[in-house]
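Visitor: I have a structure open here and would like to go through it with you. Could we start with the core and then move around?

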Amino acid sequence: MVATALAFAGFVQEHAEEVHAGDGGTLAEYAWLIPLVPMVMAFVILFFGKFSPWKGWAMAAGTLGFVAVYGTALTVENLREGIVTQSAINVGDIGVFSLEWGVIVDGLSILMFFLVGVVGFLVFVYAKGYMKGDARHTWFFASFTLFVGGMLVLVSAPNFIQLILGWELVGVASYLLIGHYWEDLDNVDAANKAFMTNKVADAALFLGAVIMAVSAGSFNFAEIFTAMADGQTTLATLGFWAGLLLFIGAMGKSAQFPLHVWLPDAMAGPTPVSALMHAATMVTAGVYLIARLFPFYQVPEFAGDLNTIIVIIGAITLFFMGLLAIVQDDIKRVLAYSTVSQLGYMMAAMGVGAYTAGLFHLFTHAFFKGLLFLGAGSIIHAVHSNNMSDMGGLRKYMPVTFWTFMIGTAALVGIFPFAGFWSKDEIIASAYFNASDGEAAAWFMVVLSISGAVITAFYMARAVNLTFFGTYLGEGQPHESPAIMTWPMIALAVGAATTGLLNIPGLTQVFTDWVTTRAFPITEHHFEAVNFGLLAIITPAVLIGLGIGWLLYGSQRELHHTVTDDEGHRSVEVERPSYSVPVLTPVLEHGYYIDDLYMNGVVRPIMGPIADAVVWTDDTVIDAVPHLTAALTSEVGGVVVWTDDKAVDGFYHAAVGSVAAVGRFLRQFFPGQVQQYVALSFAGVVAIAALFIIF
Amino acid sequence: MTIIQFIILGAAMFAVGLFGVLTRRNAVLVLASVEVMLAAVNINLVAFDTYLADPAHTGQVFALFVIALAAAEVGIGIAIVLMIFRNRHSADVDELDLMKY
């Protein structure tokens, strides 16, 4: 045991690389404003948003603008000088643990500040057009700002307590946003499902955090890593379980198989929410958590098994969830499964130790997936339906949406030189690099991620063909969205086209420099060169995927029947190609029956008895209280009425009667004769004078 | 002349005036009696002013005030009596019991 701990300590010291970085000066010193401002503004918008310009939108967009500008400034400073610093204030103590509120500023958190700020700002601008006229406009922007604020609290956390606080804030805000249209029961169910699924994962996260904190004596990341380096034996023993539990927590937020079920249903929320949730916020939290705790996932004693698990889960997610995107009709669900699949890439990259590649894909994905969702929102705004069976031919009606969507698609499937090409290639190259080192799980990942790239190309070709090409099948005449919605799409399209150029192996390494400044030293198993052998496989594979998609779903496959109805009118009916493979199609359409499994295997057996118990308690215990209270109130009322009539009224009647009697008695002495009054007052004067004389 | 003679005169006039106020039926005569009482007071004021040799002559000044007040009072009083007489065709104070209650 001690030997293990010592080996562990030796490992950490050996691999601690020197990072030359400053503390960022005043800019980093005030970075605590980044999570604080959105948190405060969320409540300001909630209470005062109604009275502000555009009913809270201006405040929300201003807040995001602040985060974007601050994040950009930190990014520039980080690339120039490098920033690694953390600070915290002590809020209180519980036993030996101190509760701290702080901010950690290094390449990783700056990356998240930048992404959340910039992508978030663009989505907020877009939301002004999309949410126009919504019944709960101010409430939407308040919870949206809270959502962003929670994410910023999470990514700035230097300890587990603050991380979990942000983690839960994101969960609560996502619940509010997914259930924004709560008039429809399906949306409420989706919100509940997201919340519950996340809670299952959160329970694991709590346990993992508590194991780490109790072993190390602190919730602080720095102190936990120091304790590891010092050879804390409990931590070395329980490390595997703590790491596994934390990974399960990350699986929940980052929608890894088999906890992915909430994410496609989360499409029930307004499209700007989907865009931000899938791009920069929430689903990236799990990948961020693994990246933040990366030193922990590198300890040789237990990290091997952990990383194998992460790689296998990530690879399964990226391949099998991609397959599900093929059979969806709802365009947002296509994109949702695509997100799950891309998160699988990121997670698997983390598993093989390709820290930079994983974060690079997270970074580029935020731009092109945000863009694709905004494009989908723009289409839904025009067509008034989520279903691709109501779309088609939109290329002519919505040129801006079409071209930006095409750029997003090119970036997602990995066409040279768009963003996804570079980041996905880096992941696959890193996986191959590890595989050739003899990691069996990495081979599994290489095969699945190349197949995944083909599937990505295929389902995107299908979605684009059914949406933008062929004949329009919806109702009415679709129109291009207003400028407030198209400009953010254009801005994100620029990002989707160019962000990949930040890290061209051998040419540029802006992104590598960006995340080199690390608060906690790590070693990477990262491949930093173009692997032409892999490219020779991937690029043709992607093109084949696109080609098959076009062959099966292109507009040339549309069938036009001329139909004559009873009155002799002739009309053209359009029939789209649809394919069904025995066994496979039903399985995919039911999402591998995972939902049914959870519903019948977990939710119903637990929920049934609970529901019965709740009904019984309500009928017998809880109802008894109001019944008893009512009876008691009635009795007390009777007593009060009697007291009022007899005692209180009696007292007043007696008092009033006696005053009246005195008045009647005195009145007879004053009949109204002036001279009598004068005589009486003179008698009074005489009496007073007499008193003066006597005394 | 001693002060006592003026006091007796003032007291006598005051008593006469008071008798008139309390016994006369006619409101005009009641008012006249009030004037007599005020005159009695004036006599007292002036007498004591001289007796005490007040350099500021407070008593005489007060007497002037009382005269002015008496004039005002009789003006208002006569007006009220006139109005009552016009309305009721009588100035008998015994019939004026409206101040009851």
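Visitor: What are the residues with the most contacts inside the largest nonpolar core?
Guide: This is a predicted model, and in it the largest nonpolar core holds 216 residues, with A:Val119 and A:Ala496 having the most contacts inside it. The largest share of this core, 18 residues, is supplied by α16(A). Apart from it lies another core, one of five residues, including B:Ala27, B:Val30, B:Leu31 and B:Val93.

Visitor: And which residues does A:Ala496 touch, leaving out those up to four places away in sequence?
Guide: With those set aside, A:Ala496 touches A:Phe367, A:Phe368, A:Leu371 and A:Ile407, as well as A:Gly408, A:Ala411, A:Phe418 and A:Ala419.

Visitor: Back to α16 for a second: is A:Ile379 buried or exposed?
Guide: A:Ile379, which belongs to helix α16 (residues 355–383) of chain A, is buried, because 28 other C-beta atoms lie within 10 Å and 20 or more are enough to count as buried. Residues up to four places away in sequence aside, A:Ile379 touches A:Ile331, A:Met391, A:Leu394, A:Met398, A:Thr401 and A:Thr467. One of these, A:Met398, is 19 residues from A:Ile379 in sequence, while their C-alpha atoms are 8.1 Å apart in space.

Visitor: Switching to backbone oddities, where is A:Pro258, and what about the peptide bond leading into it?
Guide: A:Pro258 sits in the loop between α10 (233–253) and α11 (262–265) of chain A, and the peptide bond from A:Phe257 to A:Pro258 is cis, with omega near 5 degrees. The loop between α10 and α11 also contains A:Ala255, which has a positive phi of about 55 degrees although it is not a glycine. A:Ala255 is buried, with 31 other C-beta atoms within 10 Å.

Visitor: What is the omega of the bond from A:Phe416 to A:Pro417?
Guide: The omega there is near 0 degrees, and the bond is cis; A:Pro417 lies in the loop between α18 (399–413) and α19 (419–435) of chain A.

Visitor: Now the strands: how do β3(A) and β4 run?
Guide: They run antiparallel, with six bridges joining β3(A) to strand β4 (residues 570–575) of chain A, and A:Thr562 has A:Val572 in β4(A) as its bridge partner. The two strands form a hairpin with five residues between them, and A:Gly568 in the turn has a positive phi of about 90 degrees.

Visitor: How many of the six residues of β3(A) are buried?
Guide: The number buried is zero, so strand β3 (residues 559–564) of chain A lies largely in the open.

Visitor: What about chain B, how many helices and strands are there?
Guide: Chain B has three helices and zero strands. Its radius of gyration is 17 Å, whereas a compact globule of 101 residues would have one near 13 Å, and its C-alpha trace spans about 50 × 25 × 25 Å along the principal axes. Of the 101 residues of chain B, 15% count as buried.

Visitor: Where is B:His89, and is it buried or exposed?
Guide: B:His89 is in the segment after α3 (58–88) of chain B and counts as exposed, because it has 7 C-beta neighbours inside 10 Å and 12 or fewer is the limit for that class. Phi of B:His89 is near 55 degrees, a positive value in a residue other than glycine.

Visitor: Last one: how many residues of chain B are in contact with chain A?
Guide: Eleven residues of chain B are in contact with ten residues of chain A, and by class the chain B side has eight nonpolar, no polar and three charged residues.

Terms used. Residues are numbered from 1 along each chain as its sequence is written. Chains are lettered from A and ligands numbered from 1 in the order in which they are written. This is a predicted model: local features need pLDDT of at least 70, side-chain atom pairs count only at pLDDT 80 or more; totals for chains, interfaces and linings use all residues. Helices (H or I, at least four residues) and strands (E, at least two) are DSSP runs, numbered from the N terminus. Two residues are in contact if their C-beta atoms, placed from the backbone, lie within 7 Å. Ala, Val, Leu, Ile, Met, Phe, Trp, Tyr, Cys and Pro count as nonpolar, Asp, Glu, Lys and Arg as charged, and the others, Gly among them, as polar. Two strands pair if DSSP finds at least two bridges between them. A nonpolar core is a set of buried Ala, Val, Leu, Ile, Met, Phe, Trp, Tyr and Cys residues joined through C-beta atoms within 7 Å. The radius of gyration is taken over C-alpha atoms; the globule rule is 2.2 Å times the number of residues to the power 0.38.
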